[in-house]
Amino acid sequence: MKTLLTFILIAVVTIVTQAQTIVSPKEVATIEAITETGLKIISGPKGQQRDMEKFKALFLPNAQMGGVFFKGDSSFVRITTVEKFAERNGPAYAELGFYENVLGLRIERFGNLATAFQTYETRYGKDGKVEARGVNTYQLVFDKGRWWIASLLFTPETAKQPIPEKYLK
């Protein structure tokens, strides 16, 4: 039992240490910085590989990502690990020339816990037409001298569910 606990502790310390070396302290020093860093990583021109290892380093080990999507009049939720999201979406972002831009950010914080509500637009190409808009909602925690993303959920704007003006500032 002692050996198992030692192994788990070493694994967690290794993951946290690796995460801290991949991202600069400035990129995770504030909630604004960590959310901006995530979008910078996934955004870029067609053919540019995304640094999905760096993207994963923004998240706590075992963090989850997911989306609420719509089909007709019903919605459905898809939850995945950050690793699977990076595996699936990193190559797609590079292939498309994907950009995600912030339209607004609201933060609620209590001590070392925070929720960030970020509105966004997506484009294929830096100056391409807006393809979609939506909301990212982050649960964050401040630990070991930096912010970590504990979970990230997103949902697109729809004709029946437009983003309220107050969230676009």
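**Exercise 1.** Classify Gly47 in this predicted model as buried or exposed, and state where Gly47 is placed in the chain.

*Solution.* Begin with the relative accessibility of Gly47, which is 57%. The class "exposed" calls for a value over 50%, and therefore Gly47 counts as exposed. Next, find its place along the chain: Gly47 belongs to the loop between H2 and helix H3 (52–56). Finally, look for a partner distant in sequence: Leu96 is 49 residues away along the chain, while the C-alpha atoms of Gly47 and Leu96 are 7.8 Å apart in space.

**Exercise 2.** Carry out the same kind of assignment for Gly104, and list its contacts beyond the neighbours within four places in sequence.

*Solution.* Gly104 is found in strand S3. Its relative accessible area is 6%, and since buried means under 20%, Gly104 is buried. Once the neighbours within four places are set aside, the contacts of Gly104 are Phe117, Gln118, Thr119, Tyr167, Leu168 and Lys169. A C-alpha distance can be added to this list: Gly104 and Tyr120, which are 16 residues apart along the chain, are separated by 7.1 Å.

**Exercise 3.** Determine which backbone oxygen lies 2.4 Å from a polar atom of the side chain of Arg123.

*Solution.* Locate Arg123 in strand S4, and then list the residues that Arg123 touches when those up to four places away in sequence are not counted: Gly97, Phe98, Tyr99, Asn101, Gly128, Lys129, Val130 and Glu131. From this list, the residue sought is Gly128, whose backbone oxygen lies at 2.4 Å from the side-chain polar atom of Arg123.

**Exercise 4.** Describe the largest pocket by its volume, its lining and the elements that contribute to the lining.

*Solution.* The volume of the largest pocket is about 430 Å³, and 27 residues line it, with Phe85, Tyr93, Phe98, Glu100 and Phe154 lying nearest its centre. Two or more lining residues come from each of several elements, including helix H2 (31–42), helix H4 (82–96), strand S3 (98–110) and strand S6 (146–156). Sorted by character, the lining consists of 20 nonpolar, 6 polar and 1 charged residues.

**Exercise 5.** Summarise the protein chain as a whole, from its elements to its burial and contacts.

*Solution.* Count the elements, which are 4 helices and 6 strands, and read their order from the N terminus as α-α-α-β-β-α-β-β-β-β. Of the 169 residues, 38% are buried, whereas the chain exposes about 10,300 Å², of which carbon and sulfur atoms supply 58%. Among contacts between residues at least 6 apart in sequence, 55% join residues at least 24 apart.

Notes: Residues numbered from 1 in each chain as written. Predicted model: local features only at pLDDT ≥ 70, side-chain atom pairs only at ≥ 80, totals over all residues. Heavy atoms only, no water. 1 Å grid on protein atoms, 1.4 Å probe; cavity = no way out; pocket = protein on both sides within 12 Å on 5 of 7 lines; lining within 4 Å. Points joined across faces, edges and corners; volume = space filled by probe spheres on them. Nonpolar A, V, L, I, M, F, W, Y, C, P; charged D, E, K, R; others polar. Buried < 20%, exposed > 50% of the residue type's maximum accessible area, 1.4 Å probe, protein only. Contact = heavy atoms within 4.5 Å. Areas by Shrake-Rupley, 256 points an atom, 1.4 Å probe, with all protein chains shown as cover. Polar contact = N/O pair within 3.5 Å; in protein donor to acceptor, adjacent residues only side chain to side chain.
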